[in-house]
Amino acid sequence: MSEMILIDSHAHYDDKQFDKDRMALLPEIHQAGIGAIINCATDLKTCETTLSLMKKFPFVYGAMGIHPHECKHYDVDDLEAVFAYATAHDKVVAVGEIGLDYHYDFSPRDTQQDFFCEQCELAIELELPIIVHSREAAQDTFDIVSEYAQADLTGVIHSYTGNLEMAERYIDMGFYIGIGGMITFPDVKKILRTVKEIPLERILLETDCPYLAPVPNRGKRNDSRNIPFIAAKIAELKGISVEEVAKVTTENVTRLFGIKI
Ligand code: NI
């Protein structure tokens, strides 16, 4: 087990839930066998925090972008600032977290769509993959992603909750499927079926911490040390070893984001 290197492809250590201990916690997580963490910004303030964490910790990488929840606070011209953050450090590996959220509808849907499309264009210009958030917006997300995939855009659909057929279509377009703590929850048959059927070579492990801690830590503050529980569940579903899950999913992250471990 100690030989395994796991990567957390989606985390939010900028979150206020980590204000008290992030500087001490991140080295502990690295020591515990998490080889790299991609911290995903959600607005301009967290782009700044992400940049400072990347500078401080060699194993922290970053995604810069405006989340659908936050885009109502911004004007499309503010994406100039996202561009500046995305080019400010060579460990910026993606544009994210971007996408559509029709569950909360914190921002008007047309604003969400504008920001999603503009940031897909930004990613193409920067030659970076995207990290996509999609909640109760499966078809609109798919339509926008497929349009830009034709221009060689790739990325990951994070915390994937859609059906198997759509996952397969994303994979055909060169995308990866992000799997997190939800896989350990009861009543997630659709996700379990997807994970069972899609190739391991297309799965990324993620926590989305501080949210969505897997069983047995469900309900507590999540952090990247919970990644092995997600890996173990995938291994069980696919009938393979945890070591195999760790090896292949870590290769997947290095391939998609150009991270060298
Ligand atoms: Ni997230």
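**Exercise 1. The aspartate D208**

Task: Determine whether D208 is buried or exposed in this predicted model, and describe the backbone at this residue.

Solution.
1. D208 has a relative accessible area of 10%. Buried means under 20%, so D208 is buried.
2. As to its place, D208 belongs to the loop between β8 and α8.
3. The phi angle of D208 is positive, about 60°, although the residue is not a glycine.
4. Most residues other than glycine have a negative phi.

**Exercise 2. The nickel site**

Task: State which residues coordinate the nickel ion, and explain why the arrangement of its donor atoms is irregular.

Solution.
1. The coordinating residues are H10 and H12, each through NE2, together with E97 through OE and D208 through OD. The distances are 2.1 to 2.3 Å.
2. Along the chain, these donors follow the spacing H-x1-H-x84-E-x110-D.
3. H12 lies in the loop between β1 (6-11) and α1 (22-31), whereas D208 lies in the loop between β8 (203-205) and α8 (227-238). The pair therefore ties together parts that are 196 residues apart in sequence.
4. H12 is buried as well, with a relative accessible area of 6%.
5. The 4 donor atoms subtend angles of 82 to 173° around the nickel ion, and the arrangement is irregular because of these angles. Four donors count as tetrahedral if all angles lie between 85 and 135 degrees.
6. For comparison, the ideal angle for four tetrahedral donors is 109.5 degrees.

**Exercise 3. The largest pocket**

Task: Give the volume of the largest pocket, and describe the residues that line this pocket.

Solution.
1. The space in the largest pocket amounts to about 920 Å³.
2. Its lining consists of 28 residues. Nearest the centre lie H67, H69, H133, D208 and Y211.
3. D208 also appears among the residues that coordinate the nickel ion.
4. At least two lining residues come from each of α2 (44-56), β4 (92-101) and β5 (130-135).
5. By class, the lining of this pocket comprises 12 charged, 11 polar and 5 nonpolar residues.

**Exercise 4. The cavity**

Task: Find how many cavities of 30 Å³ or more the structure holds, and characterise the lining of the largest cavity.

Solution.
1. The structure holds 1 cavity of 30 Å³ or more.
2. The volume of the largest cavity is about 60 Å³.
3. The lining of the largest cavity is made up of 13 residues, and S159, I179, G180, G181 and M182 lie nearest the centre.
4. These lining residues divide into 6 nonpolar, 5 polar and 2 charged.

**Exercise 5. Strand β2 and its surroundings**

Task: Explain why strand β2 is described as largely enclosed, and state how β1 and β2 run.

Solution.
1. Strand β2 covers residues 34-40, and 7 of its 7 residues are buried. The strand is therefore largely enclosed by the rest of the structure.
2. β1 and β2 run parallel and are joined by 4 bridges.
3. D8 stands opposite I37, a residue of β2.
4. I37 can also be related to M54: the two are 17 residues apart in sequence, and their C-alpha atoms are 9.6 Å apart in space.
5. M54 has its place in helix α2 and is buried, with a relative accessible area of 1%.

**Exercise 6. Peptide bonds and a second positive phi**

Task: Identify where P210 and P216 are found, and decide whether D187 is buried or exposed.

Solution.
1. The peptide bond from C209 to P210 is cis, with omega near 15°.
2. V215 and P216 are likewise joined by a cis peptide bond, with omega about 15°.
3. P210 is found in the loop between β8 and α8, and P216 is found in that loop too.
4. Most peptide bonds are trans.
5. D187 has a phi near 60°, a positive value in a residue other than glycine. This residue lies in the loop between β7 (176-179) and α7 (189-197).
6. The relative accessible area of D187 is 79%. Exposed means over 50%, so D187 is exposed.

**Exercise 7. The cysteine C120**

Task: Locate C120, and give the separation between C120 and A246.

Solution.
1. C120 is found in helix α4, which spans residues 109-126.
2. With 0% relative accessibility, C120 counts as buried.
3. C120 and A246 are 126 residues apart along the chain, and 29 Å separates their C-alpha atoms.

Key: Residues numbered from 1 in each chain as written. Predicted model: local features only at pLDDT ≥ 70, side-chain atom pairs only at ≥ 80, totals over all residues. Heavy atoms only, no water. Donors = N, O, S within 2.8 Å, 3.2 Å for Na, K, Ca; no water. Tetrahedral: all angles 85-135°; square planar, octahedral: opposite > 155°, others 65-115°. Buried < 20%, exposed > 50% of the residue type's maximum accessible area, 1.4 Å probe, protein only. 1 Å grid on protein atoms, 1.4 Å probe; cavity = no way out; pocket = protein on both sides within 12 Å on 5 of 7 lines; lining within 4 Å. Points joined across faces, edges and corners; volume = space filled by probe spheres on them. Nonpolar A, V, L, I, M, F, W, Y, C, P; charged D, E, K, R; others polar. Pairing = 2+ DSSP bridges.
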